[in-house]
Structures are given as structure tokens and as C-alpha cells.
Amino acid sequence: MADFPQMRLRRLRRTDALRALVRENRVEVGDLIYPMFIVEGKGIEEKITSMPGIFRYSPDRLPLEIEEIARLKIPAVLLFGIPENKDETGSRAYHPEGVVQQAIRVIRKSVPELIVITDVCLCGYTSHGHCGIVSNSQVDNDRTLPLLAKIALSHVEAGADIVAPSDMMDGRVKMIREALDEKGFQHIAILSYAAKYASAFYGPFREAAESTPQFGDRRGYQMDPPNVREALREVKQDIAEGADIIMVKPALAYLDVIRQVRTAFNYPLAAYNVSGEYAMVKAAAQRGWLDERQVVPEILTAIKRAGADIILTYHAKEFAQWLQIE
Ligand code: PBG
């Protein structure tokens, strides 16, 4: 009955208004989290070569940038710290005067309503660059857990709204939840990097955060890229331990994982559009090989269409700016 020539799918593609009327997925600035790199020191604003448009700021340089983010109506930032000194146990990660702790206080003062999320991990703070305590050339899961809980607690004490563990140790969500609850922080949420893959797309980030492992790689704790059933187990486990928001990372080569997690769990779902995904777009755009103003909205929409509610992306500011110009 409703077959060609009676049925014509092009009818609803005829004008901008008709296309907008039947649009199934939309990305809003309110869906985005902007990741930021904070470096210890004063008066620092450094370019990151492999991530054009992204800078490392010292805490004192944050207010202007944070006001701009608030003006663009980006609801949340995710903070990564780069300490002046690293050691075997990453002790600057949980120091009350650590770089992230300082940054949280500065942001709280300049734009109190901005959601402050912190990355909870050791890799940027350890001399060996691994995400945990190393013994016998292995990352020791259970010895790492109390340190992760200490980091999370110190971020929350400084004023963080959400803590986001990215280390991929087993049991970290539970440990962090218990540590926060014990100190009266029952109201603070955990965004867990639940299905985080051992991906080469983190390359530019490791330059930005100076967190490249000094020996070996992260395949002993981050997930093996071919696996998807295992991702569902990781997510299930983190939810059981008390995660409030779950994340799949990276996003673009893992859209099927995002979809499957969305179908299996009724939890807020975030996806991380990582540094390598950003760098590829920027490199092609700089050569004039891609139109980034079209490609970026297409990419972000694809991540939403796959099932993500929230997108962590280095494109957040420019995306918001483009919407304001239109
Ligand atoms: C730290 C961490 C990494 C990223 C977020 N948190 C790097 C890694 O695991 O090596 C990557 C983010 C990006 O590439 O944008 N564990």
C-alpha cells in the first residue's frame, strides 16, 4: 500500500523547517563537558601542540577562561592536573594544595554554579606514569585503591561536585563511595570511566598531561578493544559498586559499545570524545581537507544517536560558539 510512488521519503527532507521537525537527535550545549588541563605554577597558559585550541592553564589563569565557559552555557568542566613534581606514589594527587585542589577553589569562587568534575587517577602524578602503585613491574590493584579514595576525597573537600575515576582498577568505585560517605559526602556523585579501552586515541592527551607510561603500557588494566560483552560486565560492576553516571571511552571507534550499554542499562551514560579524535579533526581541518564546522556537529550527533546522554569533548567551546553565531 504505502510503497513508491505513493510513499516518498524525500517529502520530509524538502526544507530546513521540515528537516528540523522530524529530527530524531539533537546535541545541545547542555549535554557537554569540557575537559581542561591545569598545570602547577603561576601565569602559565601553554599551547598543546597536538591539540590545537587547547591550553594548559595554571590555577591563577583560570578565572577568565571559566567565565568564558559559563558565558557559553557549558554546564560542566572536567579537570586534569599536571603537578610540578612526580613520585612513585603520586602523592601530589591528594595533597590539599595540589594543582587540581587549587583549581577547584578558584573555579568555585569565579563561577559557583559551574559543575566541577575531577579526574581521579594517578598516572599524571607518578614518576613511572602508570595509573596505580607499581610493584614487581605490575600495577598493584589493591594497594592502589586507598590512594584513589584519598584523591577523590581531597577533590571533594576542595569543592568538586562529581569525581570521575579513570584508572580502571577493580573495586575503585566502591572504595571511593565508602570513603566519601564516611566523611559525610553522601551527596557527591561518581562518574565512573566504566568501559575504558586501552586505546591509541589517547596519544595527544598523554602529551598534554605528561602521563605517558615510562615502561610497558596500560593493557593490563584498561580494556581490550575487541571486547564488548566485557564492557557490559564492567558497567554492571561499577553500577553495583555505586556509580551514578557511567562512561564509555573512547567514543567514535566504540559507538557500538555506547549503543549496547544504553540498551542494557537505565543509567545516565557519558561518552568521551577523546584527544586523538579531536586531533584528527583539527589536523584535517588545518589542511582544508575537512570542514570542521560541519564535521564536529556530525560527530557529536553520532555519539548522541548511539545512545550517550552526555559528551565529554574538547570541541565544547567552539561548538557552543558556532551555535551563538548562527
Ligand atoms: C588518565 C586518563 C587518560 C585519559 C583520560 N584520563 C589517559 C590514559 O588513560 O592514558 C584520556 C583522555 C583523552 O585522550 O582525551 N588515566
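Two strands count as paired here if DSSP finds at least two bridges between them. With that in hand, welcome to a short tour of this predicted model. Strand β1 (residues 32-39) and β4 pair in the parallel sense, and seven bridges link them. From there we look at β4 itself, then at helix α10, and finally at Asp238 in helix α7.

**Strand β4 and its partners**

- Seven of the seven residues of strand β4 (residues 76-82) are buried, so the rest of the structure largely encloses this strand.
- Ala76, Leu78, Phe80 and Ile82 point one way from β4, while Val77, Leu79 and Gly81 point the other way, and all are buried.
- On the pairing with β1, Pro35 is the residue that stands opposite Leu78 of β4.
- β4 also pairs with strand β5 (residues 115-120), again in the parallel sense, over four bridges.
- In that second pairing, Leu79 stands opposite Thr118 of β5.
- The path from β4 through helix α3 (residues 99-110) to β5 forms a right-handed β-α-β unit.

**Helix α10 from start to end**

- Helix α10 (residues 292-306) has 15 residues, which at 1.5 Å a residue should span 21 Å; its end C-alpha atoms are 21 Å apart, so the two values agree.
- At the start of α10, the backbone nitrogen of Arg293 has a side-chain oxygen of Asp291 within 3.0 Å.
- The buried residues of α10 are Val295, Val296, Ile299, Leu300, Ala302, Ile303, Lys304 and Ala306; do note the lysine in that list.
- These buried residues pack against three helices, namely α8 (255-264), α9 (275-286) and α11 (316-325), and against the strands β11 (269-273) and β12 (310-313).
- Just after α10 comes Gly307, which takes a positive phi of about 135 degrees.

**Asp238 in helix α7**

- Asp238 lies in helix α7, which covers residues 229-241.
- With a relative accessible area of 3%, Asp238 falls under the 20% cut-off and is therefore buried.
- The side chain of Asp238 is joined to that of Arg172 by a polar contact of 3.4 Å.
- Setting aside neighbours within four places in sequence, Asp238 is in contact with Arg172, Val173, Ser192, Tyr193, Ala194 and Ala243.
- Arg172 thus appears both in the polar contact with Asp238 and in the list of residues that Asp238 contacts.

Terms used:
Residues numbered from 1 in each chain as written. Predicted model: local features only at pLDDT ≥ 70, side-chain atom pairs only at ≥ 80, totals over all residues. Heavy atoms only, no water. Buried < 20%, exposed > 50% of the residue type's maximum accessible area, 1.4 Å probe, protein only. Helix = DSSP H or I, 4+ residues; strand = E, 2+ residues; numbered from the N terminus. Right-handed = clockwise from strand over helix to strand, strands pointing away. Expected span 1.5 Å × (residues − 1). Contact = heavy atoms within 4.5 Å. Polar contact = N/O pair within 3.5 Å; in protein donor to acceptor, adjacent residues only side chain to side chain.
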